[in-house]
Amino acid sequence: MQVLAIGVNIKDAIDDALQNAGPGYDLLVDGVVRVKQYPFYGGYTVEGTAVNTSKLKASLGAEEFE
């Protein structure tokens, strides 16, 4: 949340969600973006399922994916 919602964008909210999921997570599926709007404050919240694509590729056979 930012005062006057200056400099707030969805990309930063998604990046924060992935960072909060932990190291190695680089994909967010089933994502939900919510806008939080209050007088003088605003921002976005993002929820979803974080996925580590390198582990996913390894489990599916990495040579098939480039």
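Reader: Which residues form a nonpolar patch on the surface?

Author: Ile 10, Val 33, Val 35 and Tyr 44 do, with about 320 Å² of accessible area together. This is a predicted model, where local features need pLDDT of at least 70, side-chain atom pairs count only at pLDDT 80 or more, and totals for chains, interfaces and linings use all residues. Residues are numbered from 1 along each chain as its sequence is written, and side-chain values use heavy atoms, leaving out hydrogens and water.

Reader: What makes a group of nonpolar residues a patch?

Author: Members need over 30% relative accessible area and no salt bridge (a side-chain nitrogen of Lys or Arg within 4 Å of a carboxyl oxygen of Asp or Glu); nonpolar side chains (Val, Leu, Ile, Met, Phe, Trp, Tyr) are joined within 5 Å, like charges within 9 Å. Areas come from the Shrake-Rupley method with a 1.4 Å probe, and for residues only the protein chains shown count as cover.

Reader: Why is Asp 30 called exposed?

Author: Happily, that is a simple check: exposed means over 50% relative accessible area, buried under 20%, partly exposed in between (1.4 Å probe, protein chains only). Asp 30 has 65%, so Asp 30 counts as exposed. Tyr 44, at 30%, is therefore partly exposed.

Reader: How do you know that strand 2 and strand 3 pair?

Author: Pairing takes at least two DSSP bridges between two strands, and strands are DSSP runs (E, at least two residues), numbered from the N terminus. Here 10 bridges join the antiparallel strands 2 and 3; among them, Leu 27 has Val 51 as its partner in strand 3.

Technical notes:
Helices (H or I, at least four residues) and strands (E, at least two) are DSSP runs, numbered from the N terminus.
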